[in-house]
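I opened this notebook to record what I looked up in the structure, entry by entry. The sequence and the coordinates are shown first, and my notes follow.

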Amino acid sequence: MIKILLADDSAPILAQASLSLMEAGFSVTSTNNGAHVLAVLASNEKPDLLILDLNMPGRAGRQVLASVIEATPPIILISGDLIHPRDVRHRAVVGVLTKPFDQTALLGAVSRALKIKLPAAREVSREMIQDAGF
């Protein structure tokens, strides 16, 4: 199973994106903290893809980018702010999503980053997110 590490400081975005990714068949670990991202990347349970918000409390996404080495999995950057070109030039960055993004944009970016074809996704409703406990 493909493992995705999702890092964003917005609880609603974490909930909706996690649910969309899990419904598409991915194993998802989510966090709202850059220090946790670095801990996961340093562990034996490295993800196959990192989806990283550039603006988080503690260690922000830009600090995470500055700390990661070439052995990092591919990274999709997400931000509600303007993304600086130097962030996109990081060797591991393979995609960018601007907030707010929908399920189609998220799964399209993941598909391109991992170079896989995903089945057509169904729209995630607010009720599905609440039923999942988010």
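**Entry 1: the sheet.** In what order do the five strands of the open sheet stand? I worked on a predicted model and read the order as β2-β1-β3-β4-β5, with parallel pairing. At the edges I found β2, residues 27-31, and β5, residues 93-98, each of which pairs on one side only. For the twist I noted that neighbouring strands of this sheet are turned by 15° against each other on average, with direction ignored.

**Entry 2: β1 and β2.** I next looked up how β1, residues 3-7, is joined to β2, and I found five bridges between these parallel strands. Within this pair I located A7 opposite T31 of β2.

**Entry 3: helices on the sheet.** Which strands does helix α1 lie across? I recorded that α1, residues 11-23, lies across β1, β2 and β3 (49-53). Its direction is at about 170° to β2. For helix α5, residues 103-114, I noted β1, β3, β4 (75-79) and β5 as the strands it lies across. The angle between α5 and β3 came out at about 135°.

**Entry 4: nonpolar cores.** How many residues does the largest nonpolar core have? I read 19, and those with the most contacts inside this core are L21, F26, L49, I51, I76 and V110. I saw that β1, α1, β3, β4 and α5 each supply at least two of its residues. Helix α5 gives the largest share, six residues.

I then listed the contacts of L49, leaving aside its neighbours within four places in sequence. They are K3, I4, L5, P73, P74, I75, I76, V110, A113 and L114. Apart from the largest core I found another, of 18 residues, which includes V40, L50, V68 and I75.

**Entry 5: H36.** I placed H36 in helix α2, residues 34-42. Why does H36 count as partly exposed? I noted its relative accessibility as 33%, and the class follows because partly exposed covers values between the limits of under 20% for buried and over 50% for exposed.

Beyond its neighbours within four places in sequence, H36 is in contact with T29 and T31. I had already met T31 in Entry 2, opposite A7. I therefore looked up the pair H36 and A7 as well: they are 29 residues apart in sequence and 8.8 Å apart in space, C-alpha to C-alpha.

Methods:
Residues numbered from 1 in each chain as written. Predicted model: local features only at pLDDT ≥ 70, side-chain atom pairs only at ≥ 80, totals over all residues. Heavy atoms only, no water. Pairing = 2+ DSSP bridges. Helix = DSSP H or I, 4+ residues; strand = E, 2+ residues; numbered from the N terminus. Axes fitted to C-alpha atoms, helices over the stretch in contact; angles between N-to-C directions. Contact = heavy atoms within 4.5 Å. Core = buried A, V, L, I, M, F, W, Y, C linked by side-chain atoms within 4.5 Å. Buried < 20%, exposed > 50% of the residue type's maximum accessible area, 1.4 Å probe, protein only.
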